[in-house]
Amino acid sequence: MSERKAWQELGLGVELPAATSLGYKTGGWRVLRPVWNASECTHCMICVGYCPDMAIPVRQTDEGVPGKGGRVFKGVVRLDSNLDYCKGCGICAHECPTKCISMIREEEAEQAACKL
Amino acid sequence: MGVKKAITGAQAAAEAMRQINPDVVVAYPITPQTPIVEQFAEYVADGIVDTEMVPVESEHSAMSATVGAEAAGARAMSATSSQGLALMWEIVAATPGLRLPIVMSLVNRALSAPINIHCDHSDVMGVTTVGWIQIFSENAQEVYENLLLAIRVAEDPRVQLPAMVNQDGFITSHAVEPVEIFDDALVRKFVGVRSLDRALLDVEHPKSVGPLVLPDYYFEFKRAQEEAMSKVFEVYREVGTELSAITGKQYPFFETYRTDDAEAVVVVLNSAAGTAKAAVDAMRAQGKKVGMLKPILFRPFPYAEIRDALKDAPVIGVLDRSMDFGAYAPVYTEFRNALWELDKRPAMQSYIYGLGGRDIMTTEIEAVFEELLSGKVDPEHQRYIGLRG
């Protein structure tokens with residue numbers, strides 16, 4: 001409920017439309033940002049399973065994507081973290097067996113983006 | 001015309017529930033409420049009603065399950081007393097904000113400690129601020145009719161708030177008296193079926209019920225809840241008129257008894273109002289002009305109507321069956337508030353009586369009238385009826 005309704009405009013009781021959490025961008029809470037180095041990733045899906053916010057999207061690929069050691073990984077592969085919902089908890093970086101995710105401070109990430 | 005049955009107040013509540021035929025009843029046994037649900041369980045077991053009864057392990061779960069059923073779109077009812085109400089308090093307080101028109105019988109019993117199973121009003125007076133409609137009943141007949149009334153008032157689209165129908169523990173709940181039960185078909189037509197316009201289990205229109213609401217919206221929801229409460233008066237009048245067509249009775253916000261020329265008026269809730277009427281008659285027989293006012297609709301409280309009814313009373317005694325420790329008693333507080341705006345305010349006296357089920361006698365109420373008529377009142381200090389020492 002981002003708009004501010006007056007009390008007369010409210011529906012009956014405390015009822016909200018379902019599935020509204022998609023519109024609630026919790027990424028703004030983040031202090032640390034995960035930076036994923038795709039060239040070191042084995043697409044093992046451990047980070048995907050551990051992410052408490054389901055903020056690491058995946059897709060199916062038959063042609064495959066390049067990863068650790070130049071190998072091509074086919075099937076289900078991960079994509080970049082969805083920064084609309086990633087709260088920066090760092091669990092993915094902690095669990096990653098190849099240490100291909102590093103957590104950097106948001107302001108550093110912002111500055112790096114500005115320089116680009 | 002109905003059929004007269006010799007039944008208790010608890011059975012009268014169960015009779016009303018039989019005719020209402022709720023989809024779901026969830027309750028946990030507690031004296032003196034138990035016989036309501038015992039009787040109703042027989043109706044369920046005998047297939048007389050279509051209700052699903054849910055056995056639960058506590059009153060907290062009873063009200064939680066009732067809320068769940070009502071949110072799903074069912075007509076759900078419950079019943080409790082004293083400690084049971086205390087245990088379900090968390091969910092009782094949540095129900096009005098969720099705008100769920102649950103109707104519950106409350107059989108008034110003293111709150112611990114000391115533990116006691118008999119009548120007083122300390123249970124209900126602890127929940128008057130949370131937003132339930134509160135209706136009080138002098139006897140088994142009123143219990144029956146008030147439950148029928150409460151269902152319709154609670155479920156009205158303008159209201160959608162829960163309602164509690166009170167009766168005195170043991171005095172009303174366990175005493176057998178003649179109760180006129182009106183025709184099943186007429187009553188069922190009157191109570192109707194709950195509208196399903198906002199059922200939780202509507203897969204075509206999914207929604208969240210009871211989400212977190214932070215400082216940006218909580219205040220607005222509470223203001224909307226107050227608005228719904230203010231609509232109760234007009235709805236209560238309309239529904240009362242409809243019910244009158246079946247019962248031939250009136251459904252006022254409060255009952256006045258011989259107050260027109262009264263020089264002293266006693267205010268008292270529930271069963272003791274019957275005792276007070278006998279005391280009024282005894283005093284009137286001696287030529288003393290006294291009367292009684294019995295509140296029925298206690299939440300919302302009809303301040304303006306009460307003020308108008310008591311504008312000519314020179315002295316008023318308010319009898320409370322509970323205390324608000326360190327403050328004026330709950331019913332007395334409401335009457336002082338209601339009468340504040342009169343140009344000529346009456347003298348007032350607060351009395352506490354009947355805690356933990358102590359009997360109150362007509363002679364004691366007559367003594368109250370004598371004290372009021374003598375003018376020896378002290379509006380700032382409550383007095384105690386029937387207390388040793």
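Reader: How many of the 12 residues of helix 1 of chain B are buried?
Author: Helix 1 of chain B is largely enclosed by the rest of the structure, because the residues that count as buried make up 11 of its 12; buried means under 20% relative accessible area, exposed over 50%, and partly exposed in between (1.4 Å probe, protein chains only). This is a predicted model, in which local features need pLDDT of at least 70 and side-chain atom pairs count only at pLDDT 80 or more, while totals for chains, interfaces and linings use all residues, and side-chain values use heavy atoms, with hydrogens and water left out. Residues are numbered from 1 along each chain as its sequence is written, and chains are lettered from A and ligands numbered from 1 in the order in which they are written. Among the buried residues of helix 1 of chain B are G9(B), E15(B) and I20(B), and the count of buried residues is 11.

Reader: How far does helix 1 of chain B reach from its first C-alpha to its last?
Author: Helices (H or I, at least four residues) and strands (E, at least two) are DSSP runs, numbered from the N terminus, and helix 1 of chain B is the run of residues 9-20. Just after this helix, N21(B) takes a positive phi of about 55 degrees. The expected span of a helix is 1.5 Å times one less than its number of residues, which for the 12 residues here gives 16 Å, and the reach of helix 1 of chain B is close to that, at 17 Å.

Reader: Which residue forms a salt bridge with E15(B)?
Author: A salt bridge is a side-chain nitrogen of Lys or Arg within 4 Å of a carboxyl oxygen of Asp or Glu, and for E15(B) the closest N and O atoms of its pair are 3.2 Å apart. The pair links distant parts of the chain, with E15(B) in helix 1 and its partner in strand 1 (residues 3-7) of chain B, 10 residues apart. E15(B) counts as buried because its relative accessibility is 5%, whereas its partner, at 30%, counts as partly exposed. The partner of E15(B) is K5(B).

Reader: Which are the edge strands of the open sheet of six strands in chain B?
Author: The order of this sheet is 10-12-11-14-15-16, with mixed pairing, where two strands pair if DSSP finds at least two bridges between them. Within the sheet, strand 11 (residues 264-267) and strand 12 (residues 290-295) of chain B pair in the parallel sense over four bridges, and V267(B) stands opposite L293(B). An edge strand pairs on one side only, and in this sheet the two are strand 10 (254-257) and strand 16 (383-384) of chain B.

Reader: What angle does the direction of helix 10 of chain B make with that of strand 12 of chain B?
Author: Helix 10 (residues 272-285) of chain B packs on the sheet and touches strand 10 and strand 12 of chain B, contact meaning heavy atoms within 4.5 Å. Axes are lines fitted to C-alpha atoms, for helices over the stretch in contact, and angles run from 0 to 180 degrees between N-to-C directions. With strand 12 of chain B, the direction of helix 10 makes an angle of about 165 degrees.

Reader: Which residue forms a salt bridge with D281(B)?
Author: D281(B) lies in helix 10 of chain B, and its partner lies 23 residues apart from it, in the loop between strand 10 and strand 11 of chain B. D281(B) counts as partly exposed at 30% relative accessibility, and the partner is also partly exposed, with a relative accessible area of 40%. The closest N and O atoms are 2.7 Å apart, and the partner of D281(B) is R258(B).

Reader: How many bridges join strand 14 of chain B to strand 15 of chain B?
Author: Strand 14 of chain B is largely enclosed by the rest of the structure, because six of its six residues are buried; V315(B), G317(B) and L319(B) point one way, and I316(B), V318(B) and D320(B) the other way. With strand 11 of chain B it pairs in the parallel sense over three bridges, and I316(B) is the bridge partner of V265(B). D320(B) stands opposite I352(B) in strand 15 of chain B, and the parallel bridges that join strand 14 to strand 15 number six.

Reader: How many salt bridges are there between chain A and chain B?
Author: Of chain A, 15 residues are in contact with 19 residues of chain B. The buried area, meaning the accessible area (1.4 Å probe) that two parts lose on being put together, summed over both, is about 1700 Å² between chain A and chain B, of which carbon and sulfur atoms give 67%. Over all chains the count comes to 32 salt bridges, but between chain A and chain B it is zero.
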